[in-house]
Amino acid sequence: MQIKHKLLLWFAALVIALLLALAAYVYVSTARFRAQTFAERLTRKAALTQQVLALGDSAAGAMLASLPEQSEYVYAPGGQRVYSAGLNPDFHPSATWLTLARGLDSLAFTYQSPGHDERKEGIALTYNRPGAAGRYVAVVTAYDQQGYDQMHRLRQVLGLGILGAVAVVGALGWLFAVRALAPLTLVIGQLRTSQAGAAGFRLRPANARDEVGQLAAAFNALLARQEALAESQSAFISHASHELRTPLTTLKGWLETSLAYDQDADSLRVGLGRAVQELDRLTALTNGLLYLARLDGPDPTLPTAPLDLVDVLLEVVSTAQRQHPGRVLNLDLSEGVQQQLHAPSLRGHASLLRTALGNLVDNAAKYSNGQPVDVCLEMDTEMAVRIRIEDRGPGIRPEEAERLFEPLTRGRDVSADVPGFGIGLTLARRIIQRHGARCGCGPGPAAAPAPR
């Protein structure tokens with residue numbers, strides 16, 4: 001069911017419920033007023049019956065009969081009827097009922113009379129006669145034909161009024177729903193056009209400040225992120241296919257050369273060794289590309305756990321030392337860190353964080369020209385730390401400081417003898433950013449504040 005239909009039904013149901021409640025209140029209030037007014041008239045007739053009985057039956061009947069189908073009765077203390085008057089006396093009380101009436105000063109009642117759609121009404125009053133023992137019961141009954149006719153007309157008026165109101169409410173509700181959802185209908189129409197799938201397509205709401213405008217803005221932002229992700233994936237695939245082609249071509253060349261020219265075991269061993277080296281490079285490149293694809297994927301969440309930064313750095317430096325034997329790698333803790341009661345920690349993904357820091361340390365070791373590499377953990381603020389990684393190599397050009405973080409990009413002054421694919425820095429920055437920190441190169445910090 002469409003929203004406008006739901007709005008119409010809800011609006012109509014609410015208004016109809018209010019109209020029904022109002023009609024019920026009017027009808028019930030009118031019915032109570034009619035019953036109360038008629039009961040008061042019956043009470044006056046019953047009281048008058050007591051007063052005029054001394055004038056005789058004929059005189060009493062002439063003075064009392066003024067209500068529709070009015071009948072008067074008087075019952076002695078013994079239960080026998082001593083007086084009866086009216087056109088159609090149809091009330092026949094039981095002894096039990098008379099006993100109940102004598103116990104009360106006044107009793108209002110109704111009863112079903114043959115030939116009437118509604119119930120006849122009556123009033124019973126008890127009184128004492130001078131010189132007589134026991135209590136007498138005077139009863140007056142009548143049929144409020146005029147009152148019931150008015151109630152019948154009231155029901156008709158209320159019913160027709162509600163039906164008319166339903167028609168008006170339905171029309172107004174439909175107009176309200178259409179007008180209220182017009183901005184949303186406009187947006188849906190734009191999404192159904194042929195331009196909706198084109199690059200650069202954006203929604204244009206009628207009012208940018210209402211809820212539909214905010215929804216359109218959020219949708220446009222989502223489209224922009226999706227386009228950026230698609231462009232990033234396209235560029236990633238293009239770069240990855242180009243970079244994978246190089247080690248595959250080299251590997252194929254070494255295998256074809258060994259197959260065609262290597263005649264002895266020593267030559268074959270050399271060719272296969274070169275092929276294994278290319279396979280190792282291909283494996284390293286593939287792993288790096290898989291890490292990048294994982295970080296650029298649609299699910300940005302990472303499983304995290306509390307990590308001790310000192311332990312992480314010790315492991316990273318130890319691994320880098322094994323990869324670069326003979327290279328001096330120094331791990332320093334600043335005075336601010338040493339003064340802390342507990343080692344700095346953060347919530348992070350242990351494997352990915354070690355990979356990021358390991359890539360930074362490995363990059364510094366490769367380009368340090370044999371000079372020592374310093375890794376220092378510092379207090380940046382009371383609630384943040386800085387990891388600074390410094391080498392004494394040739395450095396990088398200022399204009400290349402940001403470009404080096406793009407996938408599969410290396411500096412122009414990098415020697416071809418230094419192994420690498422241009423993935424390490426990219427992967428390191430992506431991982432560090434996912435941990436809520438910053439990563440930069442040059443004279444500033446290599447890895448900047450992360451939450452403790």
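**Salt bridges, a helix crossing and a surface patch**

Colleague: Is glutamate 315 buried, partly exposed or exposed?

Modeller: In this predicted model, the relative accessibility of glutamate 315 is 39%. Buried would require under 20% and exposed over 50%. Glutamate 315 therefore counts as partly exposed.

Colleague: With which residue does glutamate 315 form a salt bridge?

Modeller: The closest N and O atoms of the pair are 3.5 Å apart, and a salt bridge requires a distance within 4 Å. Glutamate 315 belongs to helix α8 and its partner to helix α10, 39 residues apart, so that the pair links distant parts of the chain. The partner is itself partly exposed, with a relative accessible area of 29%. It is arginine 354.

Colleague: How are the axes of α8 and α10 oriented: parallel, antiparallel, perpendicular or oblique?

Modeller: The axes of helix α8 (residues 309-323) and helix α10 (residues 350-366) come within 9 Å and cross at roughly 45°. Angles under 35 degrees would count as roughly parallel, and 65 to 115 as roughly perpendicular. The crossing is right-handed. The orientation of α8 to α10 is therefore oblique.

Colleague: Which parts of the chain does the salt bridge between aspartate 144 and arginine 34 tie together?

Modeller: The side chains of aspartate 144 and arginine 34 meet at 2.9 Å, N to O. Both residues are buried. The two parts are 110 residues apart in sequence, because aspartate 144 lies in the loop between β5 (136-142) and α4, and arginine 34 in helix α1 (residues 3-52).

Colleague: Which residues are linked with arginine 388 in a network of salt bridges?

Modeller: One pair in the network is arginine 388 and glutamate 390, whose side chains meet at 2.8 Å, N to O. Arginine 388 is partly exposed at 23%, and glutamate 390 is partly exposed at 37%. The residues linked with arginine 388 are Glu378, Arg386 and Glu390.

Colleague: What separates the C-alpha atoms of glycine 336 and glutamate 378?

Modeller: Glycine 336 lies in helix α9 (residues 335-338) and is partly exposed, with a relative accessible area of 24%. Glutamate 378 is 42 residues away along the chain. The separation of their C-alpha atoms is 6.7 Å.

Colleague: Which helix gives the most to the nonpolar patch?

Modeller: The patch on the surface consists of Phe11, Val168, Leu172, Leu175 and Phe176, with about 460 Å² of accessible area together. Phenylalanine 176 has 45% relative accessibility, and patch residues need over 30%. The helix in question contributes four residues. It is helix α4 (residues 145-180).

Definitions and conventions
Residues numbered from 1 in each chain as written. Predicted model: local features only at pLDDT ≥ 70, side-chain atom pairs only at ≥ 80, totals over all residues. Heavy atoms only, no water. Patch = residues over 30% accessible without salt bridge, like charges linked within 9 Å, V, L, I, M, F, W, Y side chains within 5 Å. Areas by Shrake-Rupley, 256 points an atom, 1.4 Å probe, with all protein chains shown as cover. Buried < 20%, exposed > 50% of the residue type's maximum accessible area, 1.4 Å probe, protein only. Axes fitted to C-alpha atoms, helices over the stretch in contact; angles between N-to-C directions. Parallel < 35°, antiparallel > 145°, perpendicular 65-115°, else oblique. Left-handed = near helix turned anticlockwise from the far one by under 90°.
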